[in-house]
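Here's a quick briefing to read alongside the coordinates. Have the viewer open and follow along.

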Amino acid sequence: MNTKETLITKIENAKALDLGDIFNKSIELFKKTWLQGLLLQLFTLLVMLPLIIVFYVPFIGMIIAQQKSGYGNNEAFESFFGGMSVLYILLVIVGIFVLGAISIALNAGFYRIMNRLDHNEQVVTSDFFFFIKGKYLSKTSLILLVSILIAVPATLLCYIPLLYVMVPLSYFALVFAFNPELSLGELVIVSFKLGHKKWLISFGLIIIASLLAQIVGLLLCGIGLLFTATFVYHPTYLIYKEVIGFDDSSEIDAIGGGSEE
């Protein structure tokens, strides 16, 4: 089992990484994981569907009311927003947090699946839901809250700090996936330590992978984004693998056995 001190020591002693090497390995790994990446996108859409329905159904009702009153009637908008109850707003906020926590749990499960496929091991669909349990969802909820508390101020400060924190934030779910025993504070410290140590290569690969995924996805008539969107997870996974590695005694054994790096 990894401790915060062990992880930080590995990060501090990490070797230099080559951007081209990590990128090429990301492409090779993506060839093994693209189907599971598609499933992740579909599961995420299904998770978000209830929130989309709850959020947009009242707007549909408002549009219908507006059409009855005549196009461009501002009274329909005023009546709609005036009728929005505090309970409805709280419901939407709670829904965002719950579904956001589930989304983080799914991403963490995908990282575990990626690790198994990286080592040519068998995976099953249920592996996606490994972290959708009470003891883990409470932590993923806190991870989401901390991410918001970090990202919002960074965005308000003219976006420049956001360019820095986006890298450590991208490691939150990844560090959690392979070290779920860490406390929230330890997880944040390790993620920022890794993100800071490998910021430049991480930032470069995230941007390159994101652009490539979008370009290829759009070339495939837009629907291809469902297949390519998860490519952005591969470079950060491989950086984690090269810097920290995976411990056989870690909780990764819980989904069917660990594997040596």
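**Thr44 and the rest of the picture**

Let's start with a single residue: Thr44 counts as buried, because its relative accessibility is 18% and the cut-off for buried is under 20%. Keep in mind that this is a predicted model. Thr44 sits in helix H2, which covers residues 19–69. Setting aside residues up to four places away in sequence, Thr44 touches Ser103 and Leu106.

**Overall build**

- The protein chain has eleven helices and zero strands, so if you read along the sequence you get α-α-α-α-α-α-α-α-α-α-α.
- There are 261 residues in the protein chain, and 43% of them count as buried.
- Take the contacts between residues at least 6 apart in sequence: 76% of them join residues at least 24 apart.
- The accessible surface of the protein chain is about 13300 Å², and carbon and sulfur atoms account for 70% of that.

**The largest pocket**

- How much space lies in the largest pocket? About 500 Å³.
- Its lining is made up of 15 residues, and the ones nearest the centre of the pocket are Asn107, Leu169, Ser170, Ala173 and Tyr233.
- By class, that lining has eleven nonpolar and four polar residues, with no charged residues.
- Several helices share the job: H4 (86–118), H5 (134–156), H6 (160–170), H7 (172–178) and H11 (233–243) each supply at least two lining residues.

**The largest nonpolar core**

- As a rule, nonpolar side chains in soluble globular proteins tend to be buried together.
- Here, the largest nonpolar core has 63 residues, and those with the most contacts inside it are Tyr111, Phe131, Phe178, Tyr237 and Tyr240.
- H4 gives the most to this core, at 13 residues.
- Not counting neighbours within four places in sequence, Tyr240 is in contact with Leu174, Val175, Phe178, Asn179, Leu194, Gly245 and Phe246.

**H6 and what covers it**

- Which residues of H6 are buried? They are Val165, Val167, Pro168 and Leu169.
- Cover for these buried H6 residues includes H5, H7, helix H8 (184–197) and helix H9 (199–219).
- Leu169 turns up twice, as a buried residue of H6 and among the residues nearest the centre of the largest pocket.

**Asn179, in a loop**

- Asn179 has its place in the loop between H7 and H8.
- Is Asn179 buried or exposed? Asn179 is buried, because its relative accessible area is 0%.
- Away from its neighbours within four places in sequence, Asn179 is in contact with Asn2, Leu7 and Tyr240.

**Lys25, partly exposed**

- Lys25 is found in helix H2, as is Thr44.
- With a relative accessibility of 32%, Lys25 counts as partly exposed.
- Lys25 and His234 are 209 residues apart along the chain, yet their C-alpha atoms are separated by 8.6 Å.
- Leaving out residues up to four places away in sequence, Lys25 touches Leu238 and Glu242.

Conventions:
Residues numbered from 1 in each chain as written. Predicted model: local features only at pLDDT ≥ 70, side-chain atom pairs only at ≥ 80, totals over all residues. Heavy atoms only, no water. 1 Å grid on protein atoms, 1.4 Å probe; cavity = no way out; pocket = protein on both sides within 12 Å on 5 of 7 lines; lining within 4 Å. Points joined across faces, edges and corners; volume = space filled by probe spheres on them. Helix = DSSP H or I, 4+ residues; strand = E, 2+ residues; numbered from the N terminus. Nonpolar A, V, L, I, M, F, W, Y, C, P; charged D, E, K, R; others polar. Core = buried A, V, L, I, M, F, W, Y, C linked by side-chain atoms within 4.5 Å. Buried < 20%, exposed > 50% of the residue type's maximum accessible area, 1.4 Å probe, protein only. Contact = heavy atoms within 4.5 Å. Areas by Shrake-Rupley, 256 points an atom, 1.4 Å probe, with all protein chains shown as cover.
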